[in-house]
Amino acid sequence: MRTLFLVLIFLWGGVFLCCQSQDNPNLREIHLKVGFHCERGKALIENELSQKEGIKFVKADVTTKIVTIVYDSTKVNTPQIVEHFHKIGYLTDRSPAETKIKKACSHGHDEGDHH
């Protein structure tokens, strides 16, 4: 019974997020390829970005290196989100070529392995 209750709460939350995004025309979704390599990087990205004002949803995929972000375009924009990645130590596929960062995590990967 408890499992059923938890499943229903989870489903209701998903419906709420879906409906909320349809009601807010300012919500945007972007997909960025990001140079992270491990579960620790995934957690850092999800935790740090979800705390930024205007960010509504963050999901990082370790296999594809794609980070999906839903954000309120009245509070934050794509260049600001990319800059936030730089501050936490990651480059994205939208980072300017000359961007220098202090890497968040290094597991023996090349310095150039950021896209």
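Start by selecting helix α2, residues 39-50: the helix lies across β2 and β3 and runs at about 175° to β2. Angles here run from 0 to 180 degrees between N-to-C directions, with axes fitted as lines to C-alpha atoms, for helices over the stretch in contact. Helices (H or I, at least four residues) and strands (E, at least two) are DSSP runs, numbered from the N terminus. What you have open is a predicted model, in which local features need pLDDT of at least 70 and side-chain atom pairs count only at pLDDT 80 or more, while totals for chains, interfaces and linings use all residues. Residues are numbered from 1 along each chain as its sequence is written, and side-chain values use heavy atoms, leaving out hydrogens and water.

**Along and around α2**

Stay with α2 for a moment. Its 12 residues reach 16 Å from the first C-alpha to the last, close to the 16 Å expected at 1.5 Å a residue; the expected span is 1.5 Å times one less than the number of residues. Now colour Gly41, Lys42, Ile45, Glu46 and Leu49, the buried residues of α2. Looking down the axis of α2, you will find these buried residues within an arc of 130°, so they line one face of the helix. That arc is taken from the directions between the helix axis and the C-beta atoms. Glu39 and Arg40, on the other side of α2, are exposed. Buried means under 20% relative accessible area and exposed over 50%, with partly exposed in between (1.4 Å probe, protein chains only). The buried residues of α2 pack against β2, β3 and α3 (78-88), where contact means heavy atoms within 4.5 Å.

**The sheet**

Next, show the strands. They form an open sheet of three, in the order β1-β3-β2, with antiparallel pairing. β1 (27-33) and β2 (55-60) are at the edges with a single partner strand each, so one side of each has no neighbour in the sheet. From one strand to the next, the twist averages 15°. Two strands count as paired if DSSP finds at least two bridges between them.

Select β3 (residues 66-72): six of its seven residues are buried, so to speak of β3 as mostly covered is fair. Seven bridges join β1 to β3 in the antiparallel sense, and here you can pick out Lys33 with its bridge partner Ile66 in β3. β2 and β3 pair, also antiparallel, over five bridges. Two pairs to click on are Ile55 with Tyr71 in β3 and Ala60 with Val67 in β3.

Follow β2 into β3 and you pass through a hairpin with five residues between the strands. Stop at Lys65, in the loop between β2 and β3. What is the sign of phi at Lys65? Phi is positive there, about 65°, although Lys65 is not a glycine. Most residues other than glycine have a negative phi.

**Helix α3 and the core**

Move on to α3, where Thr78, Ile81, Val82, His84, Phe85, His86 and Ile88 are buried. Their cover includes β1, α2, β2 and β3. Just after α3 comes Gly89, with a positive phi near 105°.

Now bring up the largest nonpolar core, which has 19 residues; Ile45, Leu49, Val67, Ile69, Ile81 and Phe85 touch the most other members. A nonpolar core is a set of buried Ala, Val, Leu, Ile, Met, Phe, Trp, Tyr and Cys residues joined through side-chain atoms within 4.5 Å. Two or more residues come from each of β1, α2, β2, β3 and α3, and α3 gives the largest share, four residues.

Centre the view on Ile81. Not counting residues up to four places away in sequence, Ile81 touches Ile30, Leu32, Leu49, Ile55, Ile69, Tyr71 and Val76.

Then centre on Ile88, also in α3. Ile88 is buried, with a relative accessible area of 12%. With the same sequence neighbours set aside (up to four places away), Ile88 touches Leu44, Ile45, Glu48, Leu49 and Ala104. Ala104 is 16 residues from Ile88 in sequence, yet their C-alpha atoms are 6.3 Å apart in space.

**Zooming out**

Finally, show the whole protein chain: three helices and three strands, in the pattern α-β-α-β-β-α along the sequence. Of its 115 residues, 34% are buried. Among contacts between residues at least 6 apart in sequence, 54% join residues at least 24 apart.
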